[in-house]
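Biologist: Could you walk me through the charges and the rings here, and tell me what each label rests on?

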Amino acid sequence: MIQIYQVDFVILCVGQYSDVPKILEYPAGKGPEAFRGKVIHSMEYAAMDFDTAAEFIKGKKISVVGFQKSALDIAMECSAANAKYPCRLLYRTEHWSIPKHYPWWALAYLYFNRFAELLLHKPGEGLFLRLLATILSPLKWVISKFVETYITHKLSLAKFGMVPEQSFHKGISSCMLSSMPEEFYDRVGKGSIILKKAPKFSFCKEGIVVEGEATPLETDLVILATGFKGDDKLKDIFVSTTFRNHIISGSLFRQCIHPRVPQLAVIGFSDSISNLYTSEMKSRWLAEFLDGTFKLPSIKEMQKDVERWDKYYLK
């Protein structure tokens, strides 16, 4: 039975990290179908309870694909529950990860505050803010180097060949940052977790074939911690092709409202180092708008603003 409700405004808070998994594409005949073992997404593993998951991975040679939080957590669980075989972690490139013993006061006071905004050039900034960001640029470099040095030393990244090429500042700005499970690199040092760089790979009957290597990695189970297709999840809500083409996260005014669909708001579909904070800020902004505190600019002005910020994010 279909029920229709007439409303003045719709707010979507469905989240982007669920439901529609991002599955990598492979050449014909070299995808999961060629593998005699089992391939699942981290979403399926996370849906299992503790006992079911422990029994599922028991006695298996496991490869986890990815290097963000889900991949690291799963690798830790597999290495702890399956002592017979080490867990292999395949990653495309090195990323900065923050350990639990990181000096959080430094991160909070140097990055998660209003002062940190003064260190960055932003679209629409005036002459004073532009000059201030330029003057403070050496401080930005010092903060980044301090964090890089601390993490590199504390985690012995050079020893494991895991020092990222990009700076910590660029990593945190692009949201390519994750929290590191406690004792992760201790497990790597003991051999219960094996790190394997694999920019490209495919499947064969025995397991995984890393591009440029002749010998396959024998595997029984592959867990893809490769993220989700948040935009597809959002578009699939709508039947109208027009709405499906409009509602994509990169085209939202203030990352919240599409210029051509001003009666619809999307909360929680913007990448940030702390999605809870940004979602709360957008919720407050939206509440003020709905309360009549201010009005939206014209469609043309909103589209120009979106284009400016899109160019900024691509830098």
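Modeller: Gladly! A salt bridge is a side-chain nitrogen of Lys or Arg within 4 Å of a carboxyl oxygen of Asp or Glu. This is a predicted model, where local features need pLDDT of at least 70, side-chain atom pairs count only at pLDDT 80 or more, and totals for chains, interfaces and linings use all residues. Residues are numbered from 1 along each chain as its sequence is written, and side-chain values use heavy atoms, with hydrogens and water left out.

Biologist: Thanks! What makes Arg284 and Glu280 a salt bridge?

Modeller: The closest N and O atoms of Arg284 and Glu280 are 2.8 Å apart, and the limit is 4 Å, so the pair qualifies. Both residues belong to helix 12 (residues 275–290), and being 4 residues apart they are separated by about one helical turn. Helices (H or I, at least four residues) and strands (E, at least two) are DSSP runs, numbered from the N terminus.

Biologist: Why is Arg284 called exposed?

Modeller: Buried means under 20% relative accessible area, exposed over 50%, and partly exposed in between (1.4 Å probe, protein chains only). Arg284 has 57%, so it is exposed. Its partner Glu280 has 38% and therefore counts as partly exposed.

Biologist: How many salt bridges are there in the structure?

Modeller: The structure holds 10 salt bridges. One of them joins Lys61 to Glu218, with the closest N and O atoms 3.4 Å apart. That pair links distant parts of the chain: Lys61 sits in the loop between helix 2 (50–57) and strand 3 (62–65), Glu218 in strand 10 (residues 217–218), and the two are 157 residues apart. Lys61 is partly exposed at 27%, as is Glu218 at 46%.

Biologist: And how do you know that Asp73 forms a salt bridge with Lys69?

Modeller: The closest N and O atoms of Asp73 and Lys69 are 2.7 Å apart, so the pair meets the 4 Å limit. Asp73 and Lys69 both lie in helix 3 (residues 69–81), 4 residues apart, about one turn of the helix. Asp73 is partly exposed at 25%, and Lys69 is partly exposed at 43%.

Biologist: Which residues gather in a patch of positive charge on the surface?

Modeller: Lys22, Arg92, Lys200 and Lys229 do. Patches of this kind are made of residues with over 30% relative accessible area and no salt bridge, like charges being joined within 9 Å. Lys229, in the loop between strand 11 (221–224) and helix 10 (230–235), has 34% relative accessibility, so it passes the 30% mark.

Biologist: Now the rings. Why is the aromatic pair of Phe238 and Phe243 called stacked?

Modeller: Rings of Phe, Tyr and Trp (its six-membered ring) pair if their centres lie within 6.5 Å; planes under 30 degrees apart count as stacked, over 60 as edge-to-face and the rest as tilted. By this rule the count comes to 16 aromatic pairs. Phe238 and Phe243 have 5.6 Å centre to centre and 15° between the planes, so the pair is stacked. Phe238 is buried at 16%, whereas Phe243 is partly exposed at 33%.

Biologist: What makes Trp285 and Phe289 a stacked pair?

Modeller: Their ring centres are 6.3 Å apart and their planes are at 15°, so the pair is stacked. Trp285 and Phe289 both lie in helix 12, 4 residues apart. Trp285 is buried at 19%, and Phe289 is buried at 16%. Ring pairs also link Trp285 and Phe289 with Phe9, Phe253 and Phe294 into a cluster.

Methods:
Patches are made of residues with over 30% relative accessible area and no salt bridge: like charges are joined within 9 Å, nonpolar side chains (Val, Leu, Ile, Met, Phe, Trp, Tyr) within 5 Å. Accessible areas come from the Shrake-Rupley method with a 1.4 Å probe; for residues, only the protein chains shown count as cover. Lys and Arg count as positive and Asp and Glu as negative; His and the chain ends are not counted. The place of a charge is taken as NZ of Lys, CZ of Arg, CG of Asp or CD of Glu.
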